[in-house]
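Reader: I would like to learn how to read side-chain packing and helix contacts from a set of coordinates. Could we take the features one at a time, with the general idea before the case?

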Amino acid sequence: MTQVVTTNNEITENNYVKLAPMLERLNNINLAILKGRLERGMYLAKIKHDKVYQGYDGWVSSWAEFLDSIGIARETARQDMEIYAEFASYVQANPKLAESLTYERLVRLLPVVKSNPDIKAGVIEMAATASRFDFDNNIKELKGQTPDDKCINPSDCTSPKIILEKCQICGVTYRRKDLE
């Protein structure tokens with residue numbers, strides 16, 4: 001019976017052969033467009049899943065060390081990978097959406113879609129077509145918060161109010177209740 005033993009150098013060299021083209025592509029991605037951010041998420045997810053980062057630069061042994069060495073923040077990498085996993089297939093199937101949809105809106109949709117995956121198609125369409133004000137209000141509603149357009153007339157609003165007063169000399173703002 002023959003046993004094959006792989007050394008760390010062989011693993012490192014094998015990983016580098018797989019990793020080099022992906023790193024080259026990562027460096028050339030245009031992050032200003034949505035397609036570029038989705039592509040970066042795809043490459044990072046593949047690198048992490050296959051663990052080809054191990055041995056990079058001769059010393060990297062963890063995902064965090066790899067991200068530090070290539071200059072990508074951990075949270076940014078996590079976010080790019082999650083957005084790729086949640087939205088890439090839908091956006092790639094609808095190329096016209098990619099032209100009008102922004103990465104920032106997908107970031108804001110991510111927690112909503114993760115908590116309720118059934119509404120993904122509808123909210124992506126809304127994110128691509130809604131104005132800034134409408135998008136912000138829709139996100140607030142989806143998160144269970146009160147949207148800005150709920151209180152149309154503040155003088156008729158029956159909810160409790162906080163009255164603030166600002167000192168004209170020093171600029172400090174106080175609640176009126178605190179001054180009484």
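Reader: Is W63 buried or exposed, and what is its relative accessible area?

Author: The general idea is that a residue counts as buried when its relative accessible area is under 20%. In this model, which is predicted, W63 has a relative accessible area of 10% and is therefore buried. By the same cut-off Y53, at 7% relative accessibility, counts as buried.

Reader: How are the rings of Y53 and W63 placed with respect to each other?

Author: One looks at the distance between ring centres and the angle between ring planes, where planes over 60 degrees apart count as edge-to-face. A search of the whole structure gives four aromatic pairs. For Y53 and W63 the centres lie 5.5 Å apart and the planes stand at 65°, so this pair is edge-to-face. The pair links distant parts of the chain, since Y53 lies in the loop between α2 (34-50) and α3 (63-70), whereas W63, ten residues away, belongs to helix α3. Both rings also belong to one aromatic cluster, formed by Y53, Y56, W63 and F66.

Reader: Which charged ends sit over aromatic rings?

Author: Here one asks how far the charged end lies from the ring centre, and whether it sits over the ring. The charged end of R37 sits over the ring of Y103, 4.0 Å from the ring centre, and that of R105 sits over the ring of F135, at 4.5 Å from the centre.

Reader: How do the axes of α4 and α7 cross?

Author: For a helix pair, one reads the crossing angle of the axes, and 65 to 115 degrees counts as roughly perpendicular. The axes of α4 (residues 74-93) and α7 (residues 120-129) come within 11 Å and cross at roughly 70°, and the two helices are therefore roughly perpendicular to each other. Residues E86, F87 and Y90 of α4 meet K120, A121, I124 and E125 of α7. By class, this contact of α4 with α7 holds four nonpolar, no polar and three charged residues.

Reader: What does L110 touch, leaving aside residues up to four places away in sequence?

Author: With those sequence neighbours left out, L110 touches E82, I83, E86 and F87. L110 itself is placed in helix α6 (residues 103-115), and its C-alpha atom is 8.8 Å from that of F87, although the two residues are 23 residues apart along the chain. With a relative accessible area of 6%, L110 is buried.

Note on methods. Residues numbered from 1 in each chain as written. Predicted model: local features only at pLDDT ≥ 70, side-chain atom pairs only at ≥ 80, totals over all residues. Heavy atoms only, no water. Axes fitted to C-alpha atoms, helices over the stretch in contact; angles between N-to-C directions. Helix = DSSP H or I, 4+ residues; strand = E, 2+ residues; numbered from the N terminus. Parallel < 35°, antiparallel > 145°, perpendicular 65-115°, else oblique. Contact = heavy atoms within 4.5 Å. Nonpolar A, V, L, I, M, F, W, Y, C, P; charged D, E, K, R; others polar. Buried < 20%, exposed > 50% of the residue type's maximum accessible area, 1.4 Å probe, protein only. Phe/Tyr/Trp six-rings, centres within 6.5 Å; stacked < 30°, edge-to-face > 60°. Lys NZ or Arg CZ within 6 Å of the ring centre and 35° of its normal.
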